[in-house]
Amino acid sequence: AYLGDMRDRALSHATANLRILAIAHLVEQSCGADLLRCSAIKVALRGYKNQDILAGKRQKQAKPCTADLLRLMVDALDTTEPRGLRGRALLLVSFAAAMRRSEIAALSLVDLAFREGGAIVTLPRSKTDQGGIGRTIEVFPGTSLCPIAALSAWIALLPSDGRVFRSIDKHGRIGASLSDRAIAEIWRSRGENAGITGLSGHSARVGYVWEAARNGATLLQIQGTTGHKSPVSVQRYASSA
């Protein structure tokens with residue numbers, strides 16, 4: 001009935017799906033039931049999506065941050081101060097690991113394992129891993145755009161535990177953590193500072209897929225980094241490569 005009401009009010013499938021995911025999470029927390037396994041809900045959501053497709057509605061795709069745009073953004077940062085060091089690390093790691101803004105916000109120091117030739121990033125939970133099974137991403141060093149060097153320089157300013165990416169007040173004091181909205185704002189503002197408009201918290205992830213596809217990576221190889229369960233989204237991101 002709730003899905004029907006949202007459809008009658010012309011809400012998109014993406015909005016309906018997000019609301020159902022939120023309700024399912026609350027139900028699971030309160031009584032352990034898994035609403036997403038309910039066949040009636042699956043059928044209703046599928047029908048909702050098909051209706052959007054027939055109506056010509058498409059989910060808005062974030063503007064990709066390509067390697068060239070990323071370089072412009074990093075070059076515009078003042079890395080002599082904490083905000084610039086944090087910005088460089090956040091931008092480069094987000095791109096190199098194709099991470100969602102929620103994953104960047106939740107990343108803790110214990111999730112990082114540096115080793116010769118790069119680092120292993122462990123994601124305890126993500127959008128497509130609500131059960132918290134976790135997955136790992138290997139991040140490799142670069143030359144002029146090196147996520148490992150940028151991350152190491154930023155971490156050197158932090159205590160030994162807690163979140164990796166944290167707030168910084170106007171006096172340059174480092175706080176406890178950043179929200180995913182704050183991370184999206186960093187992408188937008190750092191882009192505009194480099195003369196680039198339209199970037200969002202999802203631009204790194206889309207940009208990674210775009211660049212990987214352009215350089216000949218297969219959908220399966222790209223999925224290995226992004227964690228997509230289906231190649232459909234990967235194909236949509238890569239379609240302009």
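In this predicted model, the sulfur of Cys31 lies 13 Å from the closest cysteine sulfur, that of Cys38, which is too far for a bond. The reverse holds as well: for Cys38 the closest cysteine sulfur is that of Cys31, at 13 Å, again too far for a bond. A disulfide is a covalent bond between the sulfur atoms of two cysteines. The cut-off applied to such a pair is 2.5 Å between the sulfur atoms, and the structure holds 0 disulfides. With regard to solvent, Cys31 counts as exposed because its relative accessibility is 57%. Cys38, at 32% relative accessibility, counts as partly exposed.

The secondary structure of the chain consists of 11 helices and 3 strands. Read along the sequence, these elements follow the pattern α-α-α-α-α-α-β-β-β-α-α-α-α-α. The radius of gyration of the chain is 19 Å, which agrees with the value near 18 Å for a compact globule of 241 residues. Along the principal axes, the C-alpha trace spans about 55 × 40 × 35 Å. Of the 241 residues, 38% count as buried. Among contacts in the chain with a separation of 6 or more, 57% come from residues 24 or more positions apart.

Helix 10 covers residues 219-226, and within this helix Ile222, Gln223, Thr225 and Thr226 are buried. Viewed down the axis of helix 10, the buried residues fall within an arc of 160°, so they line one face of the helix. An α-helix has 3.6 residues a turn, so residues three or four places apart point the same way. The face of helix 10 turned away from the buried side carries Leu220 and Gly224, both exposed. The cover over the buried residues of helix 10 includes helix 5 (82-96), strand 3 (135-139), helix 9 (203-214) and helix 11 (231-238). Just after helix 10, Gly227 adopts a positive phi of about 80°.

Thr226, which lies in helix 10, counts as buried because its relative accessibility is 0%. With residues up to four places away in sequence left out, Thr226 touches Ala98, Arg100, Arg135, Arg205, Tyr208, Val209 and Val234. The side chain of Thr226 also makes a polar contact with the side chain of His228, at 2.8 Å.

Tyr208, one of the residues touched by Thr226, also takes part in an aromatic pair. The structure holds 1 aromatic pair. This pair is formed by Phe95 and Tyr208 and is edge-to-face, with 6.3 Å centre to centre and 70° between the planes. The pair links distant parts of the chain, with Phe95 in helix 5 and Tyr208 in helix 9, 113 residues apart. A pair of aromatic rings is described by the distance of the centres and the angle of the planes. The assignment as edge-to-face follows from the cut-off for the planes, which is over 60 degrees. Phe95 has a relative accessible area of 13% and is therefore buried. Tyr208 likewise counts as buried, at 17% relative accessibility. Helix 5 and helix 9, which hold the two rings, are also among the elements that cover the buried residues of helix 10.

Notes. Residues are numbered from 1 along each chain as its sequence is written. Side-chain values use heavy atoms; hydrogens and water are left out. Buried means under 20% relative accessible area, exposed over 50%, partly exposed in between (1.4 Å probe, protein chains only). Helices (H or I, at least four residues) and strands (E, at least two) are DSSP runs, numbered from the N terminus. The arc is that of the directions from the helix axis to the C-beta atoms. Contact means heavy atoms within 4.5 Å. A polar contact is a pair of N or O atoms within 3.5 Å; within protein, one must be able to donate a hydrogen and the other to accept it, and residues adjacent in sequence count only if both atoms are side-chain atoms. Rings of Phe, Tyr and Trp (its six-membered ring) pair if their centres lie within 6.5 Å; planes under 30 degrees apart count as stacked, over 60 as edge-to-face and the rest as tilted. The radius of gyration is taken over C-alpha atoms; the globule rule is 2.2 Å times the number of residues to the power 0.38.
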